[in-house]
Amino acid sequence: MVSIRDALSSAADEGIITAAQAEKLVPYLLAATPDAGDEKRAAPSQVLLADALEAEESEQPRFVRGFHDILITIGVIVALVGLWGIGSLFAVFPAIVILSEILIRRQRLALPAVALTVALAHWTGVFAMLVVGWVPEFYDNLMIGLVALPICATVLAAFYWRYRVPLALAATLVSLVLLAVDIVLLLMTKATGSFYIFIEYPGLSACVFLIGALGLFTAAMSYDIADPTRKSRQSDVAFWLHLAAAPALLYAMLSFIFLRNVTGEWWGDATSPSDAAAVLAIVVLFMMIGLIIDRRAFVTSGLLSLGLAIWTILQRGGVDFSDYFSVTVLAVGIVVLMIGIFWQVLRRAIVSVLPATITSRLHPVYRAKG
């Protein structure tokens, strides 16, 4: 069960009451209901249920609060798709604003807020590309980003300021990081006089992408550290940032392995078993990071690379199978199941060897009752 302090903190985050009012209400409600803070009086079944929920919901972004949210979200998606089809780009934006005022500002529905944020991000991207099309000089991808990304960041930041949707803030930060990477690459292009910076300077380009990905990861961890118990909106922002940072960081690191093939496909005839082994090591490292910080995005982001690495090692390592694809899929499935089922056990084993200065800033580790 949610404690009075946590419930009031969530209410303050949602804007229902102020933070000062929440602080004043805590001692009053605890005094009025003295059993509320006494966990020892809870029934054993309630304690076990709370422990199970803590174990299984250690990463629980607040998307859905009931089937009502799902029904409204379906209506939002269908209505906006239909409006986009029969109307125009400029007819969709007012609809998004009106629906946001009703569903987010007034009714505070979580899943429709996510859907409307995604719809706004899509609308903003299309609008930004329309603006780019009005200026013929913007023929280069980096110049397109220099114009489109500030538009995206501005619109999404205004949306977050108005409606306080965590996804909107995360998308704003992602846009700003991409803008910073774009500016650095443009400066490199001007400094080197190269119009093919990715081809002629692949190592330098990979370093820029890696730094940008590390910036996203740092931002995500700053929100995680600020809310280690994951009770406030900051945890939701961290969830979305990790969802973007994990694949960005993974493929930025993988790009160093495939620098020689930067202009073509990463996985091809030139991929050796040693390359696949290096990819496998990076994926395992990412899974360990995900366990340490208790974020499953670091596991799911590497599944495709994990499958390709296993397939390459089996096929070119002399292992004889009639169906490499099925064996690879089976291996990936087993890995996912093992990590998912034994998530808390594995996390306890890894976190237990880390120093207290690190673990004290992380999401608490679920302790099984002996």
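These legends walk through several close-up views of a predicted model.

**View 1. A salt bridge joins helices H5 and H7.** Arg162 pairs with Glu101 here, and their closest N and O atoms are 2.9 Å apart. Arg162 belongs to helix H7 (residues 141-163), while Glu101 belongs to helix H5 (residues 89-106). The two are 61 residues apart, so this is a link between distant parts of the chain. How open are the two partners? Arg162 is partly exposed, because its relative accessibility is 30%. Glu101 is partly exposed too, at 23%. For the wider picture, the count for the structure comes to five salt bridges.

**View 2. Asp224 has salt bridges to Arg230 and Arg295.** The contact with Arg295 has its closest N and O atoms 2.7 Å apart. Asp224 sits in helix H10 (residues 202-226), and Arg295 sits in the loop between helix H12 (273-293) and helix H13 (297-300), so the pair ties together parts that are 71 residues apart in sequence. With Arg230, the N to O distance is 3.9 Å. Buried or exposed? Asp224 and Arg295 are both buried, and Arg230 is buried as well. Zoom out a little and you find a salt-bridge network that links Asp224, Arg230, Asp294, Arg295 and Arg296. As a general point, side chains of opposite charge can pair when their charged atoms come close.

**View 3. Arg296 and Arg164 each sit over an aromatic ring.** Arg296, a member of the salt-bridge network, places its charged end over the ring of Trp343, 4.3 Å from the centre. In another spot, Arg164 lies over the face of Tyr160, at 5.1 Å from the ring centre.

**View 4. Phe159 and Tyr163 make a tilted ring pair in helix H7.** The structure has seven aromatic pairs. In this one, the ring centres are 4.8 Å apart and the planes meet at 55 degrees, so the pair counts as tilted. Why are the two residues about one helical turn apart? They are four residues apart in helix H7, and that gives the separation of about one turn. Phe159 is buried at 6% relative accessibility, and Tyr163 is buried at 12%.

**View 5. Phe239 and Trp240 pair edge-to-face.** Their rings are 5.2 Å apart, centre to centre, with 80 degrees between the planes. Both residues are buried. Elsewhere, ring pairs gather Phe90, Phe93, Trp123 and Phe127 into a cluster.

**View 6. A nonpolar patch lies on the surface.** What makes up this patch of about 750 Å²? The residues are Leu330, Ile334, Leu337, Met338, Ile341, Phe342, Val345 and Leu346. Helix H15 (324-341) and H16 each give two or more residues, and H15 provides the largest share, with five. Leu337, one of the residues in helix H15, is exposed, because its relative accessible area is 55%.

**View 7. Gln344 is a buried residue of helix H16.** Helix H16 covers residues 343-351. Gln344 counts as buried because its relative accessibility is 11%. Val365 is 21 residues away from Gln344 in sequence, yet the C-alpha atoms of the two are 7.6 Å apart in space.

**View 8. Cys152 and Cys207 have different surroundings.** Cys152 is buried, with 14% relative accessibility, whereas Cys207 is partly exposed, at 34%. The structure holds zero disulfides.

Note on methods: Residues numbered from 1 in each chain as written. Predicted model: local features only at pLDDT ≥ 70, side-chain atom pairs only at ≥ 80, totals over all residues. Heavy atoms only, no water. Disulfide = S-S within 2.5 Å. Buried < 20%, exposed > 50% of the residue type's maximum accessible area, 1.4 Å probe, protein only. Salt bridge = Lys/Arg side-chain N within 4 Å of Asp/Glu carboxyl O. Patch = residues over 30% accessible without salt bridge, like charges linked within 9 Å, V, L, I, M, F, W, Y side chains within 5 Å. Areas by Shrake-Rupley, 256 points an atom, 1.4 Å probe, with all protein chains shown as cover. Phe/Tyr/Trp six-rings, centres within 6.5 Å; stacked < 30°, edge-to-face > 60°. Lys NZ or Arg CZ within 6 Å of the ring centre and 35° of its normal.
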